[in-house]
Amino acid sequence: MVHTRLTYLRHLIVSLAQARDIDRTLLVFSHDYFDEEINNLVRTIDFTKVMQIFYPYSIQTHPNEFPGMDPNDCPRDAKKEQALKLQCNNALHPDLHGHYREAKYAQTKHHWWWKANRIFNQLACTNGHTGMVLFLEEDHYVAEDFIHMLNLLKLTADKSCPNCEILSLGTYLKTYQYHVNGDKRKKHQSLNYVQQVRAASEQRRKNEPQSWNFQLYPNLYTHTQKVEITPWHSSMHNMGFAFNRTVWNNIMELKEKFCDYDDYNWDYSLLYLSQNRPQREKFKVIVCKGPRVFHIGECGFHHKKSDCNASTVISKVQKLLQNAKAYMYPSRVTATVTSGGAKHNKKLVKGNGGWGDLRDRELCSNMTLIGRQPRMMYYY
């Protein structure tokens with residue numbers, strides 16, 4: 001899933017090129033922004049089969065009309081009474097927080113949904129594919145054995161968890177993090193990523209000596225590596241995750257829950273769908289505790305750091321992987337079943353908003369109606 005961040009995409013492609021068995025895959029790059037420099041970069045890939053697809057309803061191609069920003073769209077923060085007086089678009093339907101749509105946020109959910117529909121339902125080259133589809137984004141970075149681990153997770157799921165519908169190669173748990181040496185390490189381990197960076201910046205301003213390293217937590221990279229079987233949660237298991245056509249068909253049966261949920265995030269919408277499956281448990285995931293997919297995007301959609309040096313984070317990921325090289329390609333994994341924490345099992349009631357506009361819901365729903373059409377052949 002590609003937007004505009006060429007630097008991150010270049011590093012992702014380099015990491016893909018170094019992966020074993022990558023030549024047995026099809027890489028599909030789905031763009032919501034047309035840029036020749038990005039397109040040419042993808043065209044240089046010669047290590048496996050490649051396809052580029054382009055989201056056709058982007059802000060770039062619709063700058064002054066829906067799904068972009070129509071001049072008559074209601075201002076985001078307009079009160080409903082004010083919007084009704086303005087007679088602006090969709091004045092009757094602000095989101096659950098009382099705000100009106102912002103195209104740049106709505107586009108992310110539309111793009112992900114369109115991409116998944118395109119791959120599973122519409123492309124001729126993937127029409128017969130029954131194996132796994134792995135979802136990556138432009139600011140991800142993969143380990144060289146990520147395909148090996150994906151296959152190992154699949155084998156483990158088949159044996160130990162046949163109802164595990166999702167595989168996850170990335171994790172937002174504290175499997176790797178920034179820290180400073182010495183006694184300050186314990187202090188920083190309890191902080192989240194943003195807090196760690198802020199604390200380190202404050203320390204740098206005080207000119208205190210520090211050393212930046214990745215921390216490899218015990219037993220995450222060993223010859224017998226750990227995996228966790230747990231309820232799928234969007235904010236923890238949405239990076240480098242995979243599922244097959246059977247799971248997609250189950251999603252399609254409840255597509256209204258995805259499209260009508262008032263949340264501009266595709267992953268939270270998928271979580272809501274998961275938690276509201278009639279007579280079925282929510283999705284279960286088998287998670288690779290020693291991650292094979294990493295998030296390298298210091299700046300982007302939800303991250304607005306002042307210092308956006310991609311090479312700094314990438315070098316840390318590369319150092320981590322170099323240190324763990326001896327433990328790549330494990331022959332087996334050890335699975336632990338957990339019920340998940342309170343965050344995992346908290347029932348979603350209200351979404352994050354941004355999806356109250358009926359036009360967004362209708363477009364989302366209509367994307368599922370576009371199937372493969374038989375080609376008419378005429379013979380003379």
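Let me start with Cys-288, which counts as buried at 1% relative accessibility. Cys-125 is another matter: at 46% relative accessibility, Cys-125 counts as partly exposed. Keep in mind throughout that this is a predicted model.

Now the disulfides. How many disulfides does the count come to? The count comes to 3. For the chemistry, a disulfide is a covalent bond between the sulfur atoms of two cysteines. I will take them in chain order.

Cys-74 is bonded to Cys-88, and the two sulfur atoms sit 2.0 Å apart. This pair links distant parts of the chain, with the two positions 14 residues apart in numbering: Cys-74 is in the loop between strand 2 (49-54) and helix 3 (80-86), while Cys-88 is in the loop between helix 3 and helix 4 (103-122). Which hand does this disulfide have? The torsion about the S-S bond of Cys-74 and Cys-88 is about 100°, so the disulfide is right-handed. As for burial, the cut-off is under 20% relative accessible area. Cys-74 has 4%, so Cys-74 is buried. Cys-88 has 8% relative accessibility, so Cys-88 counts as buried.

Next, Cys-161 and Cys-164. Their sulfur atoms are 2.0 Å apart, and they form a disulfide. The angle about the S-S bond is 85°, and the link of Cys-161 and Cys-164 is right-handed. Cys-161 has a relative accessibility of 4% and counts as buried. Cys-164 is buried with a relative accessible area of 10%.

Then Cys-259 and Cys-364. A disulfide joins them, at 2.1 Å from S to S. Where does each cysteine of this pair lie? Cys-259 is in helix 10 (residues 255-260) and Cys-364 is in helix 14 (residues 358-367); they are 105 residues apart, and the pair links distant parts of the chain. The link of Cys-259 and Cys-364 is left-handed, with -75° about the S-S bond. Are these two cysteines buried or exposed? Both Cys-259 and Cys-364 are buried.

Last item, helix 11. Why is helix 11 described as largely enclosed by the rest of the structure? Helix 11 covers residues 266-275, and 9 of its 10 residues are buried, so the helix is largely enclosed by the rest of the structure. The buried residues of helix 11 include Trp-266 and Asp-267. Also buried in helix 11 are Ser-269, Leu-270, Leu-271 and Tyr-272, and further along Leu-273, Ser-274 and Gln-275.

Technical notes
Residues numbered from 1 in each chain as written. Predicted model: local features only at pLDDT ≥ 70, side-chain atom pairs only at ≥ 80, totals over all residues. Heavy atoms only, no water. Buried < 20%, exposed > 50% of the residue type's maximum accessible area, 1.4 Å probe, protein only. Helix = DSSP H or I, 4+ residues; strand = E, 2+ residues; numbered from the N terminus. Disulfide = S-S within 2.5 Å.
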